[in-house]
Amino acid sequence: MFIHLLKYSLKRIGKNRNIVFWLLAFPVIIGTFMHLMTARSFEMEEKFDTIPVAVVVQADDEEYSRLLREAASGRGMPLLEITETTEQEAQALLEQGKAEGIVYIGDKLSLRVLESGDIPSLLQMILNRVEQCRNYDMPWTVEHSFVTESDIGGDNMKPAMNFIYAVMALVCLLASLAGYECAMMEWDGASGPGLRRAVSPVGRTKGMLADFLACEIAGYGASCIVFIYMRFVLGVRLGDRYLLILLLLLPVAVSSGIMLGMFTGSLPLRRDSVRLAVLTGIILVCCALDDLMIHGIRDGIEHSIPWLNDINPAAMISDAFYSLNVYGGYSRFLLDIGRLGGVTVLLVLLCLILKRRKWYAGV
């Protein structure tokens with residue numbers, strides 16, 4: 001009977017065109033567009049050359065000066081070609097094309113360029129790295145850092161990768177739509193599936209477990225397809241620890257998304273449209289805070305209110321990818337997996353609490 005329920009749930013999900021589109025087609029489309037948008041950044045980093053800049057010291061800050069010298073030195077891969085000069089001479093170098101920008105050292109770093117483009121954007125990224133190293137007392141050249149020569153063209157920390165990891169987090173959270181549909185069928189006694197489930201001799205626990213496994217299979221299958229498409233069709237570097245990603249990260253991440261949908265579908269709201277709007281808003285907010293729309297938001301949250309990233313499933317998924325491909329080691333990766341599992345368990349308990357009264361009433 002359980003196998004029959006599982007097959008029925010899988011068929012119901014597969015026949016729902018909306019779920020199929022959002023689980024599979026939409027991530028492929030948005031992943032393709034994100035790759036096209038960031039492909040130029042990857043090409044520029046792989047063919048990188050040092051950037052000539054003029055440095056104007058407005059206020060003596062030895063830490064800024066040291067970090068900029070390290071960026072221009074032979075430690076790791078030299079990124080900058082620095083010319084310390086006055087503001088008038090720096091302006092002349094900028095206008096003559098002998099400098100890509102003017103870096104001002106004061107209470108904080110500031111940058112002046114003549115026009116926007118790839119090189120000024122990369123220069124701003126380097127200065128952001130300098131700010132990060134100064135604020136957190138980090139060395140410029142560290143193992144697995146994006147400034148080392150061995151990692152500059154590999155699986156390293158690049159702002160362009162924020163979007164790619166955010167897309168993978170979106171794929172996992174979109175599994176919540178399948179969980180939402182199953183929850184609505186379970187709780188809506190007026191619908192055809194709901195009526196059949198209500199009069200069925202099969203226990204609610206067994207039916208819910210079959211629905212959850214069906215959602216897990218559908219969501220995990222979709223996330224694997226998107227992962228394979230992005231890695232082997234688009235050629236996006238997502239790391240080389242495939243077993244950990246496919247066998248541990250994606251199943252746990254998809255489970256958290258499914259339970260988010262089931263929890264939202266269980267909310268005591270009068271209209272289904274309101275529940276769906278709440279779920280859609282949660283997914284969009286989580287992904288927006290994970291740099292899907294604008295780069296730098298997640299780092300800004302980490303600096304100001306870090307606990308927000310600790311409860312955001314999308315941020316945890318992206319951080320797990322970073323843990324495998326950038327930070328090295330497995331402690332932080334396992335911590336992210338544990339947090340995602342904790343979120344899943346918490347949502348399971350909340351779903352049971354919300355529906356406890358209806359179960360006792362026999363609804």
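Good morning. I begin with strand S3, residues 101–105, which is mostly covered, with 5 of its 5 residues buried. Buried here means under 20% relative accessible area, exposed means over 50%, and partly exposed lies in between, for a 1.4 Å probe and protein chains only. Strands are DSSP runs of E of at least two residues, helices are runs of H or I of at least four, and both are numbered from the N terminus.

Before going further, I should state the basis of this talk. The model is a predicted one: local features need pLDDT of at least 70, side-chain atom pairs count only at pLDDT 80 or more, and totals for chains, interfaces and linings use all residues. Residues are numbered from 1 along each chain as its sequence is written, and side-chain values use heavy atoms, with hydrogens and water left out.

Let us return to S3. In a regular strand the side chains alternate between the two faces of the sheet. Which residues of S3 lie on one side, and which on the other? Gly101, Val103 and Ile105 are on one side, Ile102 and Tyr104 are on the other, and all are buried, which leaves both faces of S3 covered.

Next, the neighbours of this strand. Two strands are said to pair if DSSP finds at least two bridges between them. S3 pairs with strand S1, residues 51–57, in the parallel sense over 5 bridges. Within that pairing, Val53 has Gly101 of S3 as its bridge partner, and Ala54 stands opposite Ile102. Ala54 also stands opposite Thr83 in S2. That strand, S2, spans residues 80–84 and runs parallel to S1, joined by 5 bridges. S1 is itself mostly covered, with 5 of its 7 residues buried.

S3 also pairs with strand S4, residues 109–112, here in the antiparallel sense over 4 bridges. Ile105 has Leu109 of S4 as its bridge partner. The two strands form a hairpin with 3 residues between them. Leu109 can also be related to a helix: its C-alpha atom is separated by 7.5 Å from that of Glu131, 22 residues apart along the chain. Glu131 is found in helix H5, residues 118–135, and counts as buried because its relative accessibility is 18%.

I turn now to helix H10. Does its length match expectation or depart from it? The expected span of a helix is 1.5 Å times one less than its number of residues. For the 24 residues of H10 this gives 34 Å, and the end C-alpha atoms are 33 Å apart, which agrees. H10 nevertheless bends by about 35 degrees at Leu249, and a proline, Pro251, follows within four residues. The bend at a residue is the angle between axes fitted to the seven residues ending there and the seven starting there. As for its surroundings, 18 of the 24 residues of H10 are buried, so the helix is largely enclosed by the rest of the structure.

The loop between H9 and H10 contains Asp240. Asp240 counts as exposed because its relative accessibility is 56%. Asp240 and Asn325 are 85 residues apart in sequence, yet 7.8 Å apart in space, C-alpha to C-alpha.

H9 and H10 are also linked through aromatic rings. Rings of Phe, Tyr and Trp (its six-membered ring) pair if their centres lie within 6.5 Å; planes under 30 degrees apart count as stacked, over 60 as edge-to-face, and the rest as tilted. A search of the whole structure finds 7 aromatic pairs. One of them, Phe232 with Tyr242, is tilted, at 6.2 Å centre to centre and 50 degrees between the planes. Phe232 belongs to helix H9, residues 204–233, and Tyr242 to helix H10, residues 242–265; they are 10 residues apart. Phe232 is exposed, with a relative accessible area of 56%, whereas Tyr242 is partly exposed at 25%. Elsewhere, Phe21, Trp22 and Phe26 form one aromatic cluster.

Finally, the nonpolar interior. A nonpolar core is a set of buried Ala, Val, Leu, Ile, Met, Phe, Trp, Tyr and Cys residues joined through side-chain atoms within 4.5 Å. The largest has 67 residues, and those with the most contacts inside it are Met230, Leu238, Met262 and Phe321. Helix H6, residues 159–174, gives the most to this core, with 13 residues. A second, separate core has 18 residues, including Tyr64, Leu80, Leu122 and Ile126.

Thank you for your attention.
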